[in-house]
Amino acid sequence: MPELPEVETVVRELRADGLIGRSITRAQAFWKPMIAPLTPAAFAAQLKGRRVQAIQRRAKYIVITLANGNTLLIHLRMTGQLNLVRKGAPRDPHQHIVLCLDDGRDLRYRDTRKFGRWILTRAPDTILGRLGPEPLSEHFDRKVFISQLRSRRRQLKPLLLDQTFLAGLGNIYADEALWDARLHPGRVASTLSAMEARRLHGAIRRVLRRGIQNKGTTLGSGKSNFKRPGGNRGQNQAGLKVFRRTGVPCLRCGKSIRRMIISQRATHICPNCQPA
DNA sequence: ATCGCAGCCTGTACGC
DNA sequence: TGCGTACAGGCTGCGA
């Protein structure tokens with residue numbers, strides 16, 4: 001569920017809500033695999049008394065720098081959410097981690113499917129360094145991207161979802177970017193013309209920027225869907241052009257949007273705008 | 001290098 | 001209403 005725009009939205013809201021500078025007065029973890037290899041006792045001991053120095057995003061990780069030199073990497077995977085609530089609020093059964101803050105609030109981690117991970121480490125680059133470039137960074141060079149793209153013999157869809165190739169795209173924004181660039185997701189990257197690769201570079205940045213502007217995508221109304229820390233929904237679903245719009249006329253040409261499976265993932269295209 | 005599959009979990013949507 | 005099945009926005013580890 002959360003991709004780059006959703007994670008960026010969470011990070012911005014946590015900052016805006018004054019999480020930086022707060023100290024953790026108590027930490028509890030109720031689902032062990034989520035914090036492994038730490039035990040809940042070690043997790044609690046390491047976090048207690050620590051002050052939050054910075055909150056950033058790298059790829060789909062929330063990166064929380066603590067004042068003692070430790071870094072907390074939080075990955076939301078499919079259904080993870082961070083909830084900022086008052087300390088006394090009853091604990092939702094899906095809230096598996098609770099950080100009590102020194103201002104009377106709790107930062108809680110809610111995750112129905114329990115796929116998310118919290119990693120406490122002194123060497124975050126061991127993990128973050130393996131990730132591909134940030135598509136919205138000023139260092140995301142168009143020429144470099146074009147040549148890397150055209151050097152690969154994979155289909156575009158799985159390549160764009162590969163976090164070591166490019167950081168932050170997930171199933172929604174990959175489909176949206178490919179529609180925007182008018183490229184079929186099954187195209188082999190090395191067959192792209194320079195012009196097509198250039199279109200994709202622009203499209204990726206465009207759909208991600210729009211996603212952030214709209215504060216993320218919240219599909220449907222289930223409690224597992226993306227929520228901002230304050231509990232609000234994202235608004236980007238209204239701006240989606242193909243994702244889960246099977247059978248709806250293409251906004252560019254009017255042809256019916258089709259759903260297919262590419263590398264085991266639901267994939268949505270306009271068969272007219274995105275020829276094989 | 002690349003592909004396909006199972007596994008990690010729970011909730012929801014849909015057909016009968 | 002109840003039951004069974006398929007599917008879900010991510011990622012990892014394995015064998016081929």
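This text describes the contacts with DNA strand C, the strands around β7, and several unusual backbone geometries in a predicted model.

The account begins with the nucleic acid. DNA strand C is surrounded by 21 residues, and the closest of these are Lys60, His75, Asn225, Arg259 and Arg265. Of the atoms of DNA strand C that come within 4 Å of the protein, 57% belong to sugar and phosphate. The surface near the strand comprises eight nonpolar, six polar and seven charged residues. Two elements, α6 (171–181) and β10 (265–269), each contribute at least two residues to this surface.

Individual polar contacts reach several parts of the nucleic acid. At the phosphate, an N or O atom in the side chain of Arg259 is 2.2 Å from an oxygen of DNA strand C. Asn171 places a polar side-chain atom 3.3 Å from a sugar or linking oxygen of DNA strand C. For Arg77, the partner is a base nitrogen of DNA strand C, which lies 3.1 Å from a polar side-chain atom of the residue.

The next region is centred on strand β7, residues 105–111. Six of the seven residues of β7 are buried, so the strand is mostly covered, where buried denotes under 20% relative accessible area. Strand β5 (residues 80–86) runs antiparallel to β7 and is joined to it by seven bridges. Strand β6 (residues 95–101) also pairs with β7 in the antiparallel sense, over five bridges. Arg110 in β7 stands opposite Gln81, and Arg110 is also the bridge partner of Gln95. The hairpin of β6 and β7 has three residues between the strands, and within the hairpin Gly104 adopts a positive phi near 85 degrees.

The backbone also merits attention elsewhere. Most residues other than glycine have a negative phi, and most peptide bonds are trans. Against this background, the peptide bond between Ala36 and Pro37 is cis, with omega about 10 degrees. Pro37 belongs to the loop between β1 (24–29) and α2 (40–47).

Two further residues have positive phi values. Lys114, which is not a glycine, has a phi of about 60 degrees. Lys114 is located in the loop between β7 and β8 (117–121), and is partly exposed, with a relative accessible area of 27%. Ser263, likewise a residue other than glycine, has a positive phi near 45 degrees. The loop between β9 (258–262) and β10 holds Ser263, which is partly exposed at a relative accessible area of 30%. The strand that follows this loop, β10, is one of the elements supplying at least two residues to the surface near DNA strand C.

Definitions and conventions: Residues numbered from 1 in each chain as written. Chains lettered and ligands numbered in written order. Predicted model: local features only at pLDDT ≥ 70, side-chain atom pairs only at ≥ 80, totals over all residues. Heavy atoms only, no water. Near = heavy atom within 4 Å. Polar contact = N/O pair within 3.5 Å; in protein donor to acceptor, adjacent residues only side chain to side chain. Helix = DSSP H or I, 4+ residues; strand = E, 2+ residues; numbered from the N terminus. Nonpolar A, V, L, I, M, F, W, Y, C, P; charged D, E, K, R; others polar. Buried < 20%, exposed > 50% of the residue type's maximum accessible area, 1.4 Å probe, protein only. Pairing = 2+ DSSP bridges.
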